[in-house]
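Biologist: I'd like to learn how to read a model like this one, feature by feature. Can we put it up and go through it together?

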Amino acid sequence: MVETEDWNDLKIDGAIKINRGCVATGGVLRDHNENWILGFNCRLGKCLVFEAELWGILNGVMLVQGRQHNRILGMENWSIEHVPKEDNAEADHIANLAFDKGEGL
């Protein structure tokens, strides 16, 4: 069992607005007590939702490392798996906020 006292949890999500032809990504980083550390999002424009998920992972890890939060739960033994929207509502909400931004990558 992993000691989680100094670890953080990074959750990401990709979102698509078919009527706008636009994809976005977003995520949230929380500490081991589930306290908010940071949230992020980015409108990507046109790409596959899978690509948005990968951008979310990359952006999340880069932000985490830049803020010196190097211990992310699941980084040693990680996998990509489907998480139902209701179980990842916070990251989904943050990703969807990117559609209100005027800029993208």
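Biologist: Let's start with a single residue: where does Glu34 sit?

Modeller: Glu34 is in the loop between β2 and β3. Before we go on, this is a predicted model: local features need pLDDT of at least 70, side-chain atom pairs count only at pLDDT 80 or more, and totals for chains, interfaces and linings use all residues. Residues are numbered from 1 along each chain as its sequence is written, and side-chain values use heavy atoms, leaving out hydrogens and water.

Biologist: What is there to notice about the phi of Glu34?

Modeller: The general idea: most residues other than glycine have a negative phi. Here Glu34 has a positive phi of about 65°, although it is not a glycine. That residue belongs to the hairpin of β2 and β3, with four residues between the strands. Glu34 is also exposed, at 60% relative accessible area; exposed means over 50%, buried under 20%, and partly exposed in between (1.4 Å probe, protein chains only).

Biologist: And how do I read the overall layout: what pattern does the chain follow?

Modeller: Start with how elements are called: helices (H or I, at least four residues) and strands (E, at least two) are DSSP runs, numbered from the N terminus. This chain has two helices and three strands, in the order β-β-β-α-α along the sequence.

Biologist: How do the strands pair, and which way do β1 and β2 run?

Modeller: Two strands pair if DSSP finds at least two bridges between them. β1 and β2 run antiparallel, joined by 10 bridges, and β2 and β3 are antiparallel too, with eight bridges. You can follow the pairing across: Ile12 stands opposite Gly27 in β2, and Gly27 in turn faces Phe40 in β3. The β1–β2 hairpin has four residues between its strands, and Gly21 in the turn has a positive phi of about 60°.

Biologist: How many residues of β2 are buried?

Modeller: Nine of its 10 residues are, so β2 is largely enclosed by the rest of the structure. Across the chain, buried residues make up 34% of the 105 residues.

Biologist: Pick a residue in β1 for me. What does Asp13 touch?

Modeller: Contact means heavy atoms within 4.5 Å. Setting aside neighbours within four places in sequence, the contacts of Asp13 include Ala24, Thr25, Glu53, Asn88 and Asp92. Asp13 is in strand β1, opposite Gly26 in β2, and counts as buried at 13% relative accessible area. Chain-wide, among contacts between residues at least 6 apart in sequence, 60% join residues at least 24 apart.

Biologist: Now the helix α1: what span should its residues give?

Modeller: The expected span is 1.5 Å times one less than the number of residues. For the 18 residues of α1 (residues 49-66) that comes to 26 Å, and the end C-alpha atoms are 25 Å apart, which agrees. Its buried residues include Ala52, Gly56 and Val64, and the buried residues of α1 pack against β1 (8-17), β2 (22-31) and β3 (36-45).

Biologist: What about charges: how many salt bridges does a search of the whole structure find?

Modeller: Side chains of opposite charge can pair when their charged atoms come close. The cut-off is a side-chain nitrogen of Lys or Arg within 4 Å of a carboxyl oxygen of Asp or Glu. The search finds one: Glu90 and Arg30, at 2.6 Å from N to O. Glu90 lies in helix α2 (residues 89-97) and Arg30 in strand β2, so the pair ties together parts 60 residues apart in sequence. Glu90 is partly exposed at 32% relative accessibility, and Arg30 is partly exposed at 21%.

Biologist: Last one, the surface: which residues form a nonpolar patch?

Modeller: Patches take residues with over 30% relative accessible area and no salt bridge, joining like charges within 9 Å and nonpolar side chains (Val, Leu, Ile, Met, Phe, Trp, Tyr) within 5 Å. Here Ile16, Ile18 and Val49 form one, with about 290 Å² of accessible area together. Areas come from the Shrake-Rupley method with a 1.4 Å probe, and for residues only the protein chains shown count as cover. Ile18 is in the loop between β1 and β2 and is exposed at 74% relative accessibility. The whole chain exposes about 7,000 Å², with carbon and sulfur atoms supplying 52% of it.
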